[in-house]
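Let's take a friendly walk through a protein model. Have a look at it first, and then we can go through it together.

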Amino acid sequence: MSGIRPTGFLHLGNYFGAVKNYVRMQDEYDCFFMVADLHSLTTHPDTRELKQHVRRVLAENIACGLDPEKVALYCQSHVHETGELYLYLNMLAYKGELEKTPTFKEKVRLQPDNVNAGLLTYPVLQTADIIIHRAKLVPVGKDQEQHLEMARNFVNRFNHRYGEVFPEPFAFNFGETLAKVPSLDGSGKMSKSENQMATVYLSDDDDRIRKKIMGATTDQGPTKLNSPKSVYIENLFLLMRLFSDPTIVDQFEIEYNNCTVRYGDLKKQLAEDVVAFVRPIREKTNAILEDEKYLADIMEKGAEKARNSARQTMQLVREAIGLQYY
Ligand code: TRP
């Protein structure tokens, strides 16, 4: 089970950090993938663009290979049972632990005028999302480890107090380290909040991708044989390893090491390979977005699957807590 916040367009970092893992999981596991539209209300109370963002995130995930026939692909707000479980879990979550959550503190810093209770209990709702399906594996990035640890704490508290209902959920990535996608300006990972020109989106057209990659920061070039690479050049090679033919990357490595490399050629190669990767995803996304009926059907079918699973869990939860009076 995993959730994706509909707060922006997907970029290459999201693809390699998350979506690629979802696609791989769908053949081996019973999967629930959800658009976290309710979570987005904690930071984006203005909902004018919500519908568009939800539709885009669904379309992009499908275009990347997620198959709505194989998995339950749904919207958080369509599974009302989650709200009920969230309420019960809130009685097991302490104000102190919620206040010291790093993501909460970060958001207090970012939006001091809107420190709402939803922000404080964000990890509680996330726990409800996961355990409503009694899920064990949660494909997420490093930034979500803390939330998963809190989820395990809430699960253990629940089980201890009311009886074993939930398995402990763990972050999952096939036992491999997730491919990090570096940004194009040498400032860490690709992300949606930072420099727009340093992040390649799955929605970028061919020329925009070329422009971004040709604009990537480089250095003066190697002057000594086999010199170590600067962060900028290391990043370009990391990107090449993700998108380009290995023999071509090897050739550029050789040229770097014997100081004949031309960064312009390297970037041109990389740009074309990224264009070739993104183009079919972008085109498929656009085709899906044009088909209102198709997306509506997907959402309905996904919600139906998710609700079936949620209803079964809630039956057990109400019994365990002792809310059945007759
Ligand atoms: N908090 C996650 C994020 O910021 C999104 C999310 C919501 C999620 N519910 C979830 C992730 C359940 C995994 C499982 O990306």
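## A charged pair to start with

Which residue forms a salt bridge with Glu 97? Before we get to that, keep in mind that this is a predicted model. The partner is Arg 157, and the closest N and O atoms of the two residues are 2.6 Å apart. Try finding both residues in the structure: Glu 97 sits in helix α5 (residues 95–99), while Arg 157 belongs to helix α9 (residues 145–162). With their positions 60 residues apart in the chain, the pair links distant parts of it.

How many salt bridges does the model have? The count comes to 21 salt bridges.

## Two domains

Now step back to the whole protein, which is divided into two domains. Domain 1 is made of residues 2–179 together with 292–321, and domain 2 covers 204–285. Their C-alpha centres lie 35 Å apart. Where the domains touch, domain 1 contributes 10 residues and domain 2 contributes 8 residues.

## Where the domains meet

The size of an interface is often given as the accessible area lost when the parts come together. Here, domain 1 and domain 2 bury about 720 Å² between them, and carbon and sulfur atoms account for 84% of that area. On the domain 1 side, the residues that lose the most area to domain 2 are Leu 12, Phe 16 and Ala 63. Together these three make up 59% of what that side buries.

What about charged or polar links across the boundary? Between domain 1 and domain 2 there are 0 salt bridges. The count of residue pairs in polar contact, with both residues at pLDDT 80 or more, is also 0.

Which helices help to build the domain 1 side? Both α1 (12–25) and α3 (50–63) supply at least two residues each. The largest share, 5 residues, comes from α3. Sorted by class, this side of domain 1 has 8 nonpolar residues, 2 charged ones and no polar ones.

## Around the ligand

Finally, look for the ligand, which is surrounded by 14 residues. The closest are Arg 5, Tyr 122, Gln 126, Asp 129 and Gln 144.

Some of these residues can be followed atom by atom. A polar side-chain atom of Arg 5 lies 3.1 Å from an oxygen atom of the ligand. For Tyr 122, an N or O atom in the side chain is 2.8 Å from a ligand nitrogen atom. Asp 129 has a polar side-chain atom 2.8 Å from a nitrogen atom of the ligand.

Notes: Residues numbered from 1 in each chain as written. Predicted model: local features only at pLDDT ≥ 70, side-chain atom pairs only at ≥ 80, totals over all residues. Heavy atoms only, no water. Domains from an automatic or database assignment. Contact = heavy atoms within 4.5 Å. Buried area = accessible area lost by both parts, 1.4 Å probe. Salt bridge = Lys/Arg side-chain N within 4 Å of Asp/Glu carboxyl O. Polar contact = N/O pair within 3.5 Å; in protein donor to acceptor, adjacent residues only side chain to side chain. Helix = DSSP H or I, 4+ residues; strand = E, 2+ residues; numbered from the N terminus. Nonpolar A, V, L, I, M, F, W, Y, C, P; charged D, E, K, R; others polar. Near = heavy atom within 4 Å.
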